[in-house]
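Please open the model in your viewer and keep the selection tool at hand, since each stop below names what to select next and then describes what is there.

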Amino acid sequence: MYVAATAVGLSQWGVCRELPLAAAPRAKTTSFHRRNFLLAPVSRSSVTPSFSCFCALAGDDVFSVTSPTQSNVDYLGQSTKGDLNVKVDQLDSLVLGGRSALEGPIEEVARAEAGEAEDLLRQLDIPGPFSSRHSPRGIFCSRTLNLRSISAIGYDMDYTLMHYNVMAWEGRAYDYCMDNLRNMGYPVDGLAFDPDLVIRGLVIDKEKGNLVKADRFGYIKRAMHGTTMLTTRAVRQKQDAGCITSSEKGKHETMIQMLSPQRKRLRNHPLGLAQCVNEMYGRELVDLRNENRWVFLNTLFCVSEAVAFMQMVDRFDEGAIPAEIAPLDYKGLYKAVGKALFRAHVEGQLKNEIMSKPELFVEPDPELPLALLDQKEAGKKLLLITNSDYHYTDKMMQHSFNKFLPNDMGWRDLFDMVIVSARKPEFFQMSHPLYEVVTDEGLMRPCFKARTGTIWGLYSGGSAQMVENSLNIHGDEILYVGDHIYTDVSQSKVHQRWRTALIVRELEEEYNALIHSGSHRATLIELINQKEIVGDLFNQLRLALQRRTKGRPAQFWSIGPLFSPPFTLLGMPTSILSFWIICTETMKMTLAATNMDDLELTESMQKLLIVMQRLDEKIAPMLETDGEHFNKRWGFLSRAGLWDKSHLMRQIEKYADIYTSRVSNFLHYTPFTYFHSQEQVRSPMIHTLGANKLMGVLSKTRVKPEDPSSCIIN
């Protein structure tokens, strides 16, 4: 990379700007900090002479950039296009020590040079590259990605380049939807928008009127009918044992009385509507290919629809919907809600209200335009590809970008190509007519090919293939960034083989929730470990008793390695250590089972069973509340159980090469970052690793540890 700066620029602003190859010889400086635009000036003496000499020598004589024709594939399978190379024959002419400074063991040389580079960053008041890795605003990698090889970066707009206030935006969408339902004759009085009812990644079951959370395999772990959560197996077992409270019984009886005729068949179920999730779905899998039944909540835009539908399911079950308009089933009800919400969007009233007062709906992000400016000045072509129309796009982008850009720049100056009304996902799947927007009023004319060269236009429609042909950039040279798993990420990867980045704003809240729930999860894991130890011992005694009843020796194995190195209990929590000592005695009983009578074996097994039952009674409610710091109903976004991934997380890993909470997080990295994916066996959810490191939970348990780093950056 070139670093070009002048002494005046450095003394005045304390910053040197990283420039692309073509811009470096011009020694351009800027009037704002690339990391902190409230930067205080630094003194001229703080800039070291060696750095000044380095700046003076920066040019074609020192560095070269790997061109597409010269590029190869590195040892991780990534293209080397865009890599910066030092001309070795010029090393001896540098005043930084030349080639001799780099001699010796490479590990020691690397540490020394890294230390000097960190000193330079501190002098420039620029945070080091490691400050954002273990933070809610990190960029997390599912598939290795070399940003240096990316020639163009495309962006979605809504919930990507700008983040709406969910309560405000989706709340107004909900209000318009309710008004339309009221006009259609549906009883909506008394209903209010409650965004906590749903989270991204849930699935609507149109057949049963449920909202479900599935694991990575599609098995349903939690479910809600209407606005009532269905019970788990643990609650059902509690009822079977006669331990359910009178208040719980009253609640279930009340729900049964509220049932419509369609649901009276559940009257004989012990818990009425609070039917066990496992009993309702069994081993049935969520199959997103069956669009006639399942609807995946891909984006925050789905929140208003899901809340409205689940509330209307309650009204449907109560029999409150008039017979003349009542749909025959939950599918019909979902269709009615969808129609009402669709009208709210297409009639224009909602967007007109937002355009008139964007400050009420958009959360400003001053770092976002600067992050894109970094990428543009690094030689990336920037694209805006949105389904929103021209007028809405222009109004919202002006509000979100223009006031944060330097030197009277406008948002259009950032992008090499802007495509509105793109009609994604069809934009990635097929060709549509292309129009050029030629006036500020939005007038358009047919266009058969996007203009190429130094002047780019504003377009409507078209296709991804047209973009590739116009830019002469194809496939994995393009990174597309969006918030919709299917429309933005999945389809651009499946059909165009573009690299992908997913924006999940809720990651920041989840990351913090993981940290706050650290003590709870540590206790839960410890209890599960105890249950595992006791269960293994019980199974051995059970097998010993089985063998004795068949007239065979009870013991056929040696446990020598179990109680000798490398196995150790050092560092384990005291409770587990003391518990292990007790269990060791039980293990010795297993070894001596051949000499025991059946009564001794039976008594030992009885004690262990009671211990496991008591552990289960403590574990079950703790599992139910795991993740409540993020959402009391659904738990964590990325998990479906203590360790298993959610269906959402599986989709992210499958289709998103990287994912993060907001586009401005790129500002804390560089346009030249090399993201490395983590070992998936040890890293079930990549963004949780940094949180785990901060919690320090894993070092205290016998559960296999997760890698403490969240994303290795080159």
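Begin by selecting helix 8 (residues 303-317) together with helix 9 (residues 330-346), whose axes come within 10 Å and cross at roughly 135 degrees. Here helices (H or I, at least four residues) and strands (E, at least two) are DSSP runs, numbered from the N terminus, while axes are lines fitted to C-alpha atoms, for helices over the stretch in contact, with angles that run from 0 to 180 degrees between N-to-C directions. Helix 8 and helix 9 are therefore oblique to each other, on a scale where angles under 35 degrees count as roughly parallel, over 145 as roughly antiparallel, 65 to 115 as roughly perpendicular and the rest as oblique. The crossing of helix 8 past helix 9 is right-handed; a crossing is right-handed if the near helix is turned clockwise from the far one by less than a right angle, and left-handed if anticlockwise.

Now show the side chains at this crossing, where the helix 8 residues, including Phe309, Met312 and Phe316, meet residues of helix 9 that include Leu333, Val337 and Leu341, contact meaning heavy atoms within 4.5 Å. The residues of this contact divide into ten nonpolar, two polar and two charged, where Ala, Val, Leu, Ile, Met, Phe, Trp, Tyr, Cys and Pro count as nonpolar, Asp, Glu, Lys and Arg as charged, and the others, Gly among them, as polar.

A word on the model itself: it is predicted, so that local features need pLDDT of at least 70 and side-chain atom pairs count only at pLDDT 80 or more, whereas totals for chains, interfaces and linings use all residues. Residues are numbered from 1 along each chain as its sequence is written, and side-chain values use heavy atoms, with hydrogens and water left out.

Next select helix 4 (residues 166-183) and helix 10 (residues 349-356), which pack at an angle of about 145 degrees with their axes 10 Å apart. Helix 4 also passes helix 10 in a right-handed crossing, and there Trp169, Arg172, Ala173 and Tyr176 of helix 4 meet Gln349, Leu350, Glu353 and Ile354 of helix 10. By class, this contact has five nonpolar, one polar and two charged residues.

Turn then to the open sheet of ten strands, which has mixed pairing and the order 5-22-21-20-7-15-16-19-17-18. Strand 5 (140-141) and strand 18 (444-447) stand at its edges, each with a single partner strand, so one side of each is left without a neighbour in the sheet; two strands pair if DSSP finds at least two bridges between them.

Within this sheet, select strand 19 (residues 458-461), which pairs with strand 16 (residues 417-420) in the parallel sense over three bridges and with strand 17 (residues 434-437) in the antiparallel sense, also over three bridges. Tyrosine 459 of strand 19 is the bridge partner of isoleucine 419, and glutamate 436 stands opposite tyrosine 459 as well.

Move along to strand 20 (residues 478-482) and strand 21 (residues 499-503), a parallel pair with four bridges, in which leucine 479 stands opposite arginine 499 of strand 21. Helix 15 lies across strand 20 and strand 21, running at about 165 degrees to strand 21.

Is serine 490, your last selection, buried or exposed? Serine 490, found in helix 15 (residues 485-496), is buried, with a relative accessible area of 5%, where buried means under 20% relative accessible area, exposed over 50% and partly exposed in between (1.4 Å probe, protein chains only). Not counting residues up to four places away in sequence, serine 490 touches Ile485 and Tyr655.
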